[in-house]
Amino acid sequence: GINAEYGEAEIDELANLQPSLTYGQAKAEPPQDFVPAHVAFDKKVLLFNAYFKQTLNESDKEYYRVRPVKIYYYLEDDSISVVEPIVENSGIPQANSSSDSGYLRTIKANTGCGKT
């Protein structure tokens, strides 16, 4: 077998051999490139369902009205958009109900937090 062809030292050397490439050792993998936030978080949005209470002074039957909103937080640029859906027959002045978006009001603001 193998013991007859090779000596004990040669067998140990073959067992522990660290092969190298023809042109030297393999190069270490380069570190991953830096990815800017506007690329890493592109098209990533957090959605929060929320509401606020609107005080009604002109009604004897109700003291406040609960109005639902959706809050979108855009990770790409740390901006926030607050959107109020159109509610049919609500008695609240609203945009044209045939609008494409189906939303009454959109407010988009950049928070500016953590920026120098």
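In the predicted model, Val-66 is located in strand β2, which spans residues 64–74. The side chain of this strand residue is neither fully covered nor fully open, since Val-66 has a relative accessible area of 47% and is therefore classed as partly exposed. Together with Tyr-51, Tyr-63 and Tyr-64, Val-66 contributes to a nonpolar patch on the surface, for which the combined accessible area amounts to about 510 Å².

Turning to charged side chains, the count of salt bridges comes to 3. One of these joins Arg-67 to Glu-84, with the closest N and O atoms 2.8 Å apart. This pair connects distant parts of the chain, as Arg-67 belongs to strand β2 whereas Glu-84 belongs to strand β3 (residues 79–85), the two being 17 residues apart. Arg-67 and Glu-84 are both buried.

A further salt bridge is formed between the side chains of Arg-65 and Glu-62, with an N to O distance of 3.3 Å. Arg-65 is partly exposed, at a relative accessible area of 24%, and Glu-62 is likewise assigned to the partly exposed class, with a relative accessibility of 31%.

Asp-42 and Lys-43 also form a salt bridge, in which the closest N and O atoms lie 3.7 Å apart, a separation that satisfies the criterion because the cut-off is set at within 4 Å. In this pair, Asp-42 is partly exposed, with a relative accessible area of 34%, whereas Lys-43 reaches 75% and is therefore counted as exposed, the class that begins over 50%.

Methods: Residues numbered from 1 in each chain as written. Predicted model: local features only at pLDDT ≥ 70, side-chain atom pairs only at ≥ 80, totals over all residues. Heavy atoms only, no water. Patch = residues over 30% accessible without salt bridge, like charges linked within 9 Å, V, L, I, M, F, W, Y side chains within 5 Å. Areas by Shrake-Rupley, 256 points an atom, 1.4 Å probe, with all protein chains shown as cover. Helix = DSSP H or I, 4+ residues; strand = E, 2+ residues; numbered from the N terminus. Buried < 20%, exposed > 50% of the residue type's maximum accessible area, 1.4 Å probe, protein only.
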